[in-house]
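Open your viewer and load the model. We will go from the whole chain down to single atoms, one selection at a time.

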Amino acid sequence: MNKIKNILIACLVMTVALVSCDSGNIRRTPGHIYAPDMTYSRAYDAYTSNPNFADSMTSRLPVTGAIARGHMLPDHLREGDTTAYKTFTTTARFSADELNEGRRLFNIYCGICHGTNLDGQGPLFASGKFASMPANFKDAKYLHMPVGQMFAAAKYGKNMMGSYAAQLDAKQRWMVIAYIKQFQSKNGGDAFTFGEATAKPDSAKAAPMMAKVEEKKTK
Ligand code: HEC
C-alpha cells in the first residue's frame, strides 16, 4: 500500500515539474479575457500606425499655441541677467479679481517694508527696525521700472531684500507685480497694460483644430 502511495506521489511530482518547466512554449496571450476593452485597447496606442492622420502617427505634437500646465506665465528670467530683465516683455493679462488678489498678497508679503501705500514707508522700515530703505514705488526711480526687473526682484531678491519665490508662486508674483504697475499707472507711472485682454487668446484658435481631429476620427 505504501509502495503504491510513493509511486503516486512520484508521478504527481513529475507531472507538476514537467508542466511548470514547459519553457519551449511560452504563452504570450492571456487564457481568459475578462475585460476585452482593457486587453485590446479601443483607443490607438502611442507609436502604433494611425489611419486618421496623413503621416500615420498616433503620437501628435501639441496644437500650435498650446501651453504646458502650470506654465501659463513667463518665469524663465535667469538670476543676474539684467539685460534680459530690462528687455523682457509679456502679453500676460490679469482680471480684476487677480489684481485684487495681487493687492492682498502685496499687503501680506511686501507691505511690511514697501508700505501698503507703496511709498517705501512700511512699518518695518518706518519703525527703524529695518535699516535699508525699501523701494518707494511712487518715486520716479521706480515708476517706469521694467516689469521683468520687478519680477526678478520678487523672485531672486535685491540686495537687502530677500527672495519671495518660496512664498509666492510665479502666478502670484505676476499678480503682485501687475498690482504694483496698476497702482503706479494711477500715480504718474506708465499706462497700465496688464488689464484683462479683449482679444481672444491663442487657445481659442486651438478649439476648431481639435474639432477637426474629432471629425476625422469618427469617419
Ligand atoms: C524686508 C523688507 C522687504 C520686503 C518684505 C520686500 N522688499 Fe522689496 N525691497 C526692499 C528693499 C530694501 C529694496 C531696495 C533694494 C536695493 O535697491 O538695494 C527693495 C526693492 C524692491 C524692488 C526694486 C528692485 C530693483 O531692481 O531696484 C522691487 C520691484 C521690490 N522690492 C518688490 C518687492 C515685492 C514685490 C515684495 C513682496 C513680494 C517685496 N519687494 C518685499 C525690501 C523689502
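In what order do the elements of the chain run from the N terminus on? Colour by secondary structure and follow the chain: the elements run α-α-α-α-α-α-α-α-α-α. That comes to 10 helices and zero strands. Remember as you look that this is a predicted model.

**Stop 1: the whole chain.** Select all 219 residues. Buried residues make up 28% of them. Now consider contacts between residues at least 6 apart in sequence. Of these, 50% join residues at least 24 apart.

**Stop 2: the ligand.** Select the ligand and show the protein surface. The ligand takes up the space of the largest pocket. Next, show the 22 residues around the ligand. Which of them come nearest? They are Cys110, Cys113, His114, Asn159 and Met161. Colour the shell by residue type: 17 are nonpolar, four are polar and one is charged. Two helices, α5 (111-114) and α8 (147-156), each supply at least two residues of this shell.

**Stop 3: oxygen atoms of the ligand.** Show side chains as sticks and check three distances.

- Glutamine 149: a polar side-chain atom lies 2.9 Å from a ligand oxygen.
- Lysine 158: an N or O atom of the side chain is 3.2 Å from a ligand oxygen.
- Asparagine 159: an N or O atom of the side chain is 2.7 Å from a ligand oxygen.

**Stop 4: helix α8.** Select residues 147-156. Why is α8 largely enclosed by the rest of the structure? Nine of its 10 residues are buried, so the rest of the structure encloses most of it. Buried here means under 20% relative accessible area. The buried residues run through Val147, Gly148, Gln149, Met150, Phe151, Ala152, Ala153, Ala154 and Lys155. Gln149 is thus on this list, and its side chain also has the polar atom 2.9 Å from the ligand. Add α3 (82-87), α7 and α9 (170-185) to the view: the buried residues of α8 pack against these helices. Then step just past the end of α8 to glycine 157, which takes a positive phi of about 85°.

**Stop 5: asparagine 136.** Move to the loop between α6 (123-126) and α7 (140-143), where asparagine 136 is found. Is asparagine 136 buried or exposed? Its relative accessible area is 19%, so it counts as buried. A polar atom of its side chain lies 2.9 Å from the backbone nitrogen of lysine 138. Leaving aside neighbours within four places in sequence, asparagine 136 is in contact with Leu118, Asp119, Gly120 and Tyr142. Select those four to finish the tour.

Notes: Residues numbered from 1 in each chain as written. Predicted model: local features only at pLDDT ≥ 70, side-chain atom pairs only at ≥ 80, totals over all residues. Heavy atoms only, no water. Near = heavy atom within 4 Å. Polar contact = N/O pair within 3.5 Å; in protein donor to acceptor, adjacent residues only side chain to side chain. 1 Å grid on protein atoms, 1.4 Å probe; cavity = no way out; pocket = protein on both sides within 12 Å on 5 of 7 lines; lining within 4 Å. Sits in = over half its atoms within 2 Å of the grid points. Helix = DSSP H or I, 4+ residues; strand = E, 2+ residues; numbered from the N terminus. Nonpolar A, V, L, I, M, F, W, Y, C, P; charged D, E, K, R; others polar. Buried < 20%, exposed > 50% of the residue type's maximum accessible area, 1.4 Å probe, protein only. Contact = heavy atoms within 4.5 Å.
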